[in-house]
Amino acid sequence: MKEHLQQEFSKTYNKPATSTYFSPGRVNLIGEHIDYNGGLVMPCAITFGTYLLVAPNNDNVFRFKSVNFTDTAEIPLQPNYTKQGTEWYNYPIGVIAYFMQHDKELQGLDMLYYGDIPIGSGLSSSASIEIVTAFALNDLFNCGFSKLELVKLSKWVENSFIGLNSGIMDQFSVAFGEKNKALMLNCDTLEYEAVNSNLNGYVLAIINTNKPRKLAESKYNERVQECSTALTSLKQELDINYLCDIDTQTFNKYSHLITDEVVLKRATHVIQENDRVKLAARALSSNDLQEFGRLMYASHDSLRDKYEVSGVELDAVVEYAKTDTSVAGARMTGAGFGGCAIALVKGDQFDNFSEAVTAYYTHKIGYAPSVYKSLIGDGVRELSPLVKL
Ligand code: GLA
(Lines give C-alpha, C1' and ligand atoms only; values in the text may rest on other atoms or scores of the structure.)
Protein backbone atom coordinates (compact mmCIF):
# COMPACT_ATOMS: atom_id res chain seq x y z
CA MET A 1 0.00 0.00 0.00
CA LYS A 2 2.66 2.52 0.97
CA GLU A 3 3.86 2.73 -2.65
CA HIS A 4 0.39 3.95 -3.66
CA LEU A 5 -0.07 6.66 -1.05
CA GLN A 6 0.84 9.51 -3.38
CA GLN A 7 -1.80 8.31 -5.84
CA GLU A 8 -4.32 7.92 -3.05
CA PHE A 9 -3.56 11.46 -1.87
CA SER A 10 -4.03 12.93 -5.35
CA LYS A 11 -7.24 10.98 -5.84
CA THR A 12 -8.62 12.29 -2.54
CA TYR A 13 -7.51 15.91 -2.69
CA ASN A 14 -6.99 16.55 -6.41
CA LYS A 15 -3.43 17.70 -5.87
CA PRO A 16 -0.15 16.07 -4.88
CA ALA A 17 1.10 15.90 -1.29
CA THR A 18 3.91 18.33 -0.55
CA SER A 19 5.54 16.39 2.31
CA THR A 20 5.58 12.88 3.73
CA TYR A 21 6.40 11.95 7.31
CA PHE A 22 6.80 8.66 9.10
CA SER A 23 6.71 7.64 12.73
CA PRO A 24 7.33 4.04 13.82
CA GLY A 25 5.58 1.91 16.40
CA ARG A 26 7.52 0.32 19.24
CA VAL A 27 8.02 -2.84 21.20
CA ASN A 28 9.18 -2.87 24.77
CA LEU A 29 11.85 -5.50 25.42
CA ILE A 30 11.42 -5.34 29.18
CA GLY A 31 10.20 -2.95 31.88
CA GLU A 32 6.41 -3.17 31.67
CA HIS A 33 4.02 -0.86 33.52
CA ILE A 34 7.07 0.93 34.82
CA ASP A 35 7.06 4.25 32.98
CA TYR A 36 4.31 5.90 35.04
CA ASN A 37 6.13 4.68 38.15
CA GLY A 38 9.32 6.57 37.35
CA GLY A 39 11.55 3.58 36.56
CA LEU A 40 13.59 2.05 33.76
CA VAL A 41 12.23 0.71 30.48
CA MET A 42 13.87 -0.77 27.40
CA PRO A 43 11.80 -0.11 24.29
CA CYS A 44 12.85 0.08 20.66
CA ALA A 45 11.23 1.57 17.59
CA ILE A 46 10.17 -0.91 14.90
CA THR A 47 10.01 -0.61 11.15
CA PHE A 48 6.19 -0.67 11.07
CA GLY A 49 4.59 2.68 11.65
CA THR A 50 2.37 5.53 10.49
CA TYR A 51 2.82 7.47 7.24
CA LEU A 52 1.42 10.97 6.93
CA LEU A 53 1.13 12.80 3.62
CA VAL A 54 0.14 16.46 3.73
CA ALA A 55 -0.50 19.51 1.59
CA PRO A 56 -1.53 22.92 2.87
CA ASN A 57 -4.93 24.34 1.87
CA ASN A 58 -6.31 27.88 1.86
CA ASP A 59 -9.64 26.90 3.38
CA ASN A 60 -8.63 27.09 7.05
CA VAL A 61 -9.67 23.49 7.64
CA PHE A 62 -7.96 20.26 8.60
CA ARG A 63 -9.08 17.39 6.44
CA PHE A 64 -8.46 13.92 7.83
CA LYS A 65 -8.48 10.73 5.87
CA SER A 66 -6.92 7.39 6.68
CA VAL A 67 -6.40 4.39 4.46
CA ASN A 68 -7.13 2.23 7.53
CA PHE A 69 -10.52 3.67 8.50
CA THR A 70 -13.64 4.68 6.61
CA ASP A 71 -14.46 7.76 8.70
CA THR A 72 -13.11 11.04 7.39
CA ALA A 73 -13.42 14.52 8.90
CA GLU A 74 -13.17 18.15 8.00
CA ILE A 75 -12.53 20.31 11.05
CA PRO A 76 -12.12 24.09 10.98
CA LEU A 77 -9.06 25.80 12.35
CA GLN A 78 -10.27 27.13 15.71
CA PRO A 79 -8.85 27.98 19.16
CA ASN A 80 -10.35 24.98 20.99
CA TYR A 81 -11.19 21.41 20.23
CA THR A 82 -13.01 18.63 22.07
CA LYS A 83 -12.77 14.89 21.66
CA GLN A 84 -15.29 13.42 19.23
CA GLY A 85 -16.45 9.97 20.40
CA THR A 86 -13.87 7.28 19.75
CA GLU A 87 -12.88 8.38 16.24
CA TRP A 88 -9.32 7.68 15.12
CA TYR A 89 -8.76 11.35 14.24
CA ASN A 90 -9.06 12.39 17.90
CA TYR A 91 -5.30 11.78 18.14
CA PRO A 92 -4.32 14.33 15.49
CA ILE A 93 -7.05 16.71 16.69
CA GLY A 94 -5.60 16.50 20.20
CA VAL A 95 -2.18 17.43 18.82
CA ILE A 96 -3.65 20.37 16.90
CA ALA A 97 -5.51 21.44 20.06
CA TYR A 98 -2.21 21.60 21.94
CA PHE A 99 -0.53 23.68 19.23
CA MET A 100 -3.47 26.10 19.13
CA GLN A 101 -3.56 26.43 22.93
CA HIS A 102 0.11 27.37 22.78
CA ASP A 103 -0.49 30.11 20.22
CA LYS A 104 1.23 28.39 17.33
CA GLU A 105 0.21 29.76 13.98
CA LEU A 106 -1.17 26.90 11.94
CA GLN A 107 -2.74 26.84 8.53
CA GLY A 108 -5.31 24.47 7.04
CA LEU A 109 -3.96 21.08 5.93
CA ASP A 110 -5.14 18.17 3.83
CA MET A 111 -3.86 15.01 5.48
CA LEU A 112 -3.72 11.35 4.54
CA TYR A 113 -2.66 8.73 7.09
CA TYR A 114 -1.69 5.14 6.57
CA GLY A 115 -0.50 2.77 9.28
CA ASP A 116 1.04 -0.66 8.79
CA ILE A 117 1.11 -1.27 12.55
CA PRO A 118 -1.74 -3.59 13.48
CA ILE A 119 -4.11 -1.21 15.30
CA GLY A 120 -4.82 -1.74 18.99
CA SER A 121 -2.21 -4.48 19.21
CA GLY A 122 0.03 -2.93 21.83
CA LEU A 123 2.61 -1.67 19.34
CA SER A 124 1.77 1.99 20.01
CA SER A 125 -0.25 2.90 16.97
CA SER A 126 -1.65 5.82 18.98
CA ALA A 127 1.74 7.25 20.02
CA SER A 128 2.84 6.81 16.42
CA ILE A 129 -0.04 8.87 15.02
CA GLU A 130 0.40 11.54 17.71
CA ILE A 131 4.12 11.89 17.12
CA VAL A 132 3.91 11.87 13.33
CA THR A 133 1.30 14.64 13.50
CA ALA A 134 3.20 16.71 16.06
CA PHE A 135 6.46 16.34 14.13
CA ALA A 136 4.80 17.35 10.84
CA LEU A 137 3.04 20.44 12.27
CA ASN A 138 6.21 21.53 14.04
CA ASP A 139 8.20 21.15 10.84
CA LEU A 140 5.68 22.67 8.43
CA PHE A 141 4.85 25.72 10.54
CA ASN A 142 8.24 26.26 12.20
CA CYS A 143 6.75 26.01 15.67
CA GLY A 144 10.09 25.55 17.38
CA PHE A 145 9.25 22.66 19.71
CA SER A 146 12.18 20.38 20.56
CA LYS A 147 11.78 16.65 19.99
CA LEU A 148 11.40 16.14 23.73
CA GLU A 149 8.65 18.78 23.79
CA LEU A 150 6.88 16.90 21.00
CA VAL A 151 7.07 13.77 23.15
CA LYS A 152 5.65 15.57 26.17
CA LEU A 153 2.86 17.23 24.25
CA SER A 154 1.88 13.91 22.69
CA LYS A 155 1.70 12.43 26.17
CA TRP A 156 -0.55 15.35 27.11
CA VAL A 157 -2.82 14.39 24.19
CA GLU A 158 -3.04 10.81 25.46
CA ASN A 159 -3.61 11.81 29.11
CA SER A 160 -5.73 14.95 28.88
CA PHE A 161 -7.41 14.81 25.48
CA ILE A 162 -7.97 11.07 25.04
CA GLY A 163 -8.16 10.19 28.76
CA LEU A 164 -5.63 7.37 29.13
CA ASN A 165 -3.25 7.98 32.05
CA SER A 166 -0.31 6.40 30.28
CA GLY A 167 3.37 7.10 30.86
CA ILE A 168 5.90 8.55 28.47
CA MET A 169 7.55 5.39 27.11
CA ASP A 170 5.61 5.03 23.86
CA GLN A 171 5.90 8.60 22.66
CA PHE A 172 9.54 8.72 23.70
CA SER A 173 10.52 5.55 21.89
CA VAL A 174 8.78 6.33 18.62
CA ALA A 175 10.38 9.79 18.59
CA PHE A 176 13.90 8.88 19.70
CA GLY A 177 14.22 5.30 18.39
CA GLU A 178 17.42 4.34 16.57
CA LYS A 179 18.08 1.56 14.11
CA ASN A 180 19.37 -1.60 15.80
CA LYS A 181 19.36 0.05 19.21
CA ALA A 182 17.22 -0.38 22.30
CA LEU A 183 16.63 2.69 24.44
CA MET A 184 17.43 2.41 28.13
CA LEU A 185 15.15 5.15 29.34
CA ASN A 186 14.86 6.48 32.86
CA CYS A 187 11.23 7.62 32.96
CA ASP A 188 11.83 9.92 35.91
CA THR A 189 14.76 11.97 34.60
CA LEU A 190 14.14 11.17 30.89
CA GLU A 191 17.83 10.45 30.50
CA TYR A 192 18.41 7.66 28.04
CA GLU A 193 21.09 5.61 26.40
CA ALA A 194 20.78 3.92 23.01
CA VAL A 195 22.24 0.46 23.60
CA ASN A 196 23.37 -1.83 20.84
CA SER A 197 20.73 -4.49 20.47
CA ASN A 198 23.08 -6.96 18.91
CA LEU A 199 20.99 -10.03 19.48
CA ASN A 200 23.81 -12.47 18.85
CA GLY A 201 22.15 -14.46 16.11
CA TYR A 202 18.68 -14.09 17.61
CA VAL A 203 15.86 -12.10 16.03
CA LEU A 204 12.91 -10.43 17.61
CA ALA A 205 9.60 -12.10 16.78
CA ILE A 206 6.39 -10.17 17.32
CA ILE A 207 3.35 -12.35 17.83
CA ASN A 208 0.04 -10.54 17.58
CA THR A 209 -2.63 -12.49 19.46
CA ASN A 210 -5.25 -10.78 17.28
CA LYS A 211 -7.37 -10.47 20.38
CA PRO A 212 -9.36 -7.24 20.46
CA ARG A 213 -8.34 -5.29 23.56
CA LYS A 214 -11.66 -4.74 25.27
CA LEU A 215 -11.66 -2.77 28.52
CA ALA A 216 -7.98 -2.02 28.07
CA GLU A 217 -8.36 1.66 28.87
CA SER A 218 -10.36 1.33 32.06
CA LYS A 219 -8.18 -1.52 33.36
CA TYR A 220 -5.05 0.46 32.51
CA ASN A 221 -6.25 3.49 34.45
CA GLU A 222 -7.17 1.16 37.33
CA ARG A 223 -3.57 -0.12 37.50
CA VAL A 224 -2.23 3.45 37.48
CA GLN A 225 -4.56 4.21 40.40
CA GLU A 226 -3.47 1.11 42.32
CA CYS A 227 0.18 2.16 42.00
CA SER A 228 -0.68 5.60 43.27
CA THR A 229 -2.42 4.05 46.29
CA ALA A 230 0.68 1.93 46.99
CA LEU A 231 2.89 5.01 46.75
CA THR A 232 0.71 6.94 49.21
CA SER A 233 1.02 4.08 51.72
CA LEU A 234 4.81 3.87 51.38
CA LYS A 235 5.13 7.64 51.72
CA GLN A 236 3.98 7.35 55.32
CA GLU A 237 7.56 6.38 56.12
CA LEU A 238 9.58 6.89 52.96
CA ASP A 239 10.48 10.14 51.24
CA ILE A 240 9.91 9.03 47.62
CA ASN A 241 8.22 10.40 44.51
CA TYR A 242 7.75 7.14 42.61
CA LEU A 243 7.49 3.44 43.43
CA CYS A 244 10.65 2.85 41.40
CA ASP A 245 12.64 5.12 43.72
CA ILE A 246 13.21 2.03 45.88
CA ASP A 247 14.57 -1.42 45.08
CA THR A 248 13.24 -4.80 46.11
CA GLN A 249 15.31 -4.91 49.29
CA THR A 250 13.98 -1.61 50.61
CA PHE A 251 10.49 -2.50 49.47
CA ASN A 252 10.54 -5.70 51.49
CA LYS A 253 11.28 -3.66 54.62
CA TYR A 254 8.34 -1.32 54.11
CA SER A 255 5.79 -3.41 52.24
CA HIS A 256 3.79 -3.93 55.48
CA LEU A 257 2.59 -0.32 55.02
CA ILE A 258 0.47 -1.51 52.09
CA THR A 259 -2.52 -3.17 53.65
CA ASP A 260 -4.58 -3.98 50.55
CA GLU A 261 -3.52 -7.35 49.15
CA VAL A 262 -4.20 -6.49 45.51
CA VAL A 263 -2.34 -3.19 45.75
CA LEU A 264 0.58 -5.03 47.36
CA LYS A 265 0.75 -7.45 44.40
CA ARG A 266 0.77 -4.56 41.93
CA ALA A 267 3.56 -2.72 43.76
CA THR A 268 5.61 -5.91 44.07
CA HIS A 269 5.48 -6.36 40.30
CA VAL A 270 6.56 -2.78 39.67
CA ILE A 271 9.53 -2.82 42.00
CA GLN A 272 10.79 -6.26 40.96
CA GLU A 273 10.31 -5.47 37.27
CA ASN A 274 12.37 -2.31 37.63
CA ASP A 275 15.18 -4.38 39.18
CA ARG A 276 14.85 -6.87 36.30
CA VAL A 277 15.47 -4.09 33.78
CA LYS A 278 18.79 -3.30 35.47
CA LEU A 279 19.79 -6.97 35.20
CA ALA A 280 18.55 -7.14 31.61
CA ALA A 281 20.68 -4.16 30.61
CA ARG A 282 23.72 -5.90 32.03
CA ALA A 283 22.83 -9.14 30.23
CA LEU A 284 22.36 -7.33 26.91
CA SER A 285 25.64 -5.46 27.15
CA SER A 286 27.52 -8.69 27.88
CA ASN A 287 25.65 -10.49 25.09
CA ASP A 288 24.13 -12.96 27.53
CA LEU A 289 20.92 -13.67 25.65
CA GLN A 290 20.05 -16.69 27.80
CA GLU A 291 19.96 -14.49 30.91
CA PHE A 292 18.05 -11.82 29.02
CA GLY A 293 15.53 -14.47 27.99
CA ARG A 294 15.18 -15.74 31.54
CA LEU A 295 14.34 -12.21 32.67
CA MET A 296 11.75 -11.89 29.89
CA TYR A 297 9.99 -15.03 31.12
CA ALA A 298 10.13 -13.76 34.71
CA SER A 299 8.64 -10.45 33.56
CA HIS A 300 5.79 -12.25 31.84
CA ASP A 301 5.01 -14.41 34.86
CA SER A 302 4.86 -11.33 37.05
CA LEU A 303 2.59 -9.47 34.63
CA ARG A 304 0.32 -12.53 34.56
CA ASP A 305 0.20 -13.28 38.29
CA LYS A 306 0.93 -10.04 40.12
CA TYR A 307 -0.10 -7.28 37.75
CA GLU A 308 -2.86 -9.36 36.10
CA VAL A 309 -2.72 -7.75 32.68
CA SER A 310 -2.07 -10.85 30.57
CA GLY A 311 -4.74 -13.28 29.40
CA VAL A 312 -5.09 -16.79 27.96
CA GLU A 313 -4.03 -15.60 24.51
CA LEU A 314 -0.75 -13.95 25.54
CA ASP A 315 -0.08 -16.78 27.98
CA ALA A 316 -0.53 -19.35 25.20
CA VAL A 317 2.24 -17.72 23.15
CA VAL A 318 4.65 -17.69 26.11
CA GLU A 319 3.67 -21.24 27.09
CA TYR A 320 4.60 -22.40 23.62
CA ALA A 321 7.85 -20.42 23.61
CA LYS A 322 8.99 -22.18 26.79
CA THR A 323 8.83 -25.52 24.97
CA ASP A 324 10.83 -24.38 21.95
CA THR A 325 14.60 -24.63 22.29
CA SER A 326 15.17 -22.03 19.59
CA VAL A 327 13.62 -19.39 21.88
CA ALA A 328 15.71 -17.59 24.52
CA GLY A 329 12.77 -15.82 26.12
CA ALA A 330 9.30 -14.42 25.52
CA ARG A 331 6.81 -12.11 27.18
CA MET A 332 3.80 -9.94 26.56
CA THR A 333 4.72 -6.41 25.51
CA GLY A 334 2.89 -3.12 26.03
CA ALA A 335 -0.18 -2.58 28.18
CA GLY A 336 -1.45 -6.18 27.89
CA PHE A 337 -5.09 -7.34 27.92
CA GLY A 338 -4.48 -8.85 24.47
CA GLY A 339 -2.20 -7.29 21.91
CA CYS A 340 1.27 -8.62 21.19
CA ALA A 341 3.91 -10.86 22.70
CA ILE A 342 7.57 -10.84 21.71
CA ALA A 343 10.08 -13.67 21.59
CA LEU A 344 13.83 -13.85 21.02
CA VAL A 345 14.21 -16.58 18.44
CA LYS A 346 17.34 -18.03 16.82
CA GLY A 347 17.52 -16.33 13.42
CA ASP A 348 17.83 -19.51 11.38
CA GLN A 349 14.90 -21.11 13.22
CA PHE A 350 12.46 -18.24 12.77
CA ASP A 351 10.28 -19.92 10.13
CA ASN A 352 9.93 -23.10 12.17
CA PHE A 353 9.07 -21.06 15.23
CA SER A 354 6.49 -19.05 13.32
CA GLU A 355 4.75 -22.18 12.03
CA ALA A 356 4.84 -24.00 15.34
CA VAL A 357 3.60 -21.11 17.49
CA THR A 358 0.80 -20.52 14.99
CA ALA A 359 -0.26 -24.17 15.15
CA TYR A 360 -0.12 -24.26 18.97
CA TYR A 361 -2.01 -21.00 19.38
CA THR A 362 -4.66 -21.80 16.81
CA HIS A 363 -5.32 -25.17 18.39
CA LYS A 364 -5.61 -23.68 21.86
CA ILE A 365 -7.38 -20.37 21.15
CA GLY A 366 -9.44 -21.17 18.06
CA TYR A 367 -8.02 -18.59 15.65
CA ALA A 368 -4.57 -17.78 14.32
CA PRO A 369 -2.07 -15.20 15.56
CA SER A 370 0.03 -13.08 13.18
CA VAL A 371 3.78 -13.53 13.47
CA TYR A 372 6.30 -10.94 12.27
CA LYS A 373 10.05 -10.83 12.17
CA SER A 374 10.77 -7.37 13.45
CA LEU A 375 13.48 -5.00 12.48
CA ILE A 376 14.49 -2.34 14.94
CA GLY A 377 14.21 0.96 13.11
CA ASP A 378 14.67 4.71 13.41
CA GLY A 379 12.34 7.19 15.08
CA VAL A 380 10.09 9.85 13.55
CA ARG A 381 11.33 11.63 10.43
CA GLU A 382 10.43 13.32 7.18
CA LEU A 383 10.69 10.94 4.25
CA SER A 384 12.36 12.22 1.18
CA PRO A 385 12.29 12.22 -1.71
CA LEU A 386 8.54 12.38 -1.42
CA VAL A 387 7.44 9.59 -3.65
CA LYS A 388 10.07 7.06 -2.61
CA LEU A 389 8.57 5.30 0.38
C1 GLA B 1 1.02 1.40 27.30
C2 GLA B 1 1.27 2.81 27.76
C3 GLA B 1 2.73 3.01 28.18
C4 GLA B 1 3.16 1.93 29.17
C5 GLA B 1 2.77 0.54 28.68
C6 GLA B 1 3.01 -0.52 29.73
O7 GLA B 1 1.72 1.13 26.14
O8 GLA B 1 0.95 3.74 26.75
O9 GLA B 1 2.89 4.31 28.71
O10 GLA B 1 2.67 2.19 30.44
O11 GLA B 1 1.40 0.48 28.31
O12 GLA B 1 4.36 -0.65 30.00
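**Reading strands, pairs and a ligand site**

Student: Which residue takes a positive phi in the hairpin of β7 and β8?

Tutor: Leu190 does, with a phi near 65°, in a hairpin that has five residues between its strands. A strand here is a DSSP run of E with at least two residues, numbered from the N terminus. This is a predicted model, where local features need pLDDT of at least 70 and side-chain atom pairs count only at pLDDT 80 or more, while totals for chains, interfaces and linings use all residues. Residues are numbered from 1 along each chain as its sequence is written, and side-chain values use heavy atoms, with hydrogens and water left out.

Student: How many bridges hold β7 and β8 together?

Tutor: Two strands pair if DSSP finds at least two bridges between them. β7 and β8 (residues 192-196) are antiparallel with five bridges, and Leu185 faces Tyr192 of β8. Strand β2 (residues 40-41) also runs antiparallel to β7, through two bridges, and there Val41 is opposite Leu185.

Student: Why does Ala182 count as buried?

Tutor: Buried means under 20% relative accessible area, exposed over 50%, and partly exposed in between (1.4 Å probe, protein chains only). Ala182 counts as buried because its relative accessibility is 0%. You will find Ala182 in strand β7 (residues 181-186). Its C-alpha atom is 4.7 Å from that of Cys44, although 138 residues separate the two along the chain.

Student: Which way do the residues of β6 point?

Tutor: In a regular strand, side chains alternate between the two faces of the sheet. In β6, Leu109, Met111, Tyr113 and Gly115 point one way, while Asp110, Leu112 and Tyr114 point the other way. Seven of the seven residues in β6 (residues 109-115) are buried.

Student: In which sense do β3 and β4 pair with β6?

Tutor: Strand β3 (residues 43-56) is antiparallel to β6, over seven bridges, with Tyr51 opposite Tyr114. Strand β4 (residues 61-66) is parallel to β6, over five bridges, and Arg63 stands across from Asp110.

Student: What surrounds the ligand?

Tutor: Look for residues with a heavy atom within 4 Å of the ligand. Among them are Arg26, Asp35, Tyr220 and Ala335. Next, look for polar contacts, here pairs of N or O atoms within 3.5 Å. A ligand oxygen is 2.5 Å from a side-chain N or O atom of Asp35, and one is 2.9 Å from a side-chain N or O atom of Arg26. For Ala335, a backbone N or O atom lies 3.4 Å from a ligand oxygen. The protein covers 94% of the 310 Å² of accessible area that the ligand has on its own, by the Shrake-Rupley method with a 1.4 Å probe.

Methods:
Helix = DSSP H or I, 4+ residues; strand = E, 2+ residues; numbered from the N terminus. Polar contact = N/O pair within 3.5 Å; in protein donor to acceptor, adjacent residues only side chain to side chain.
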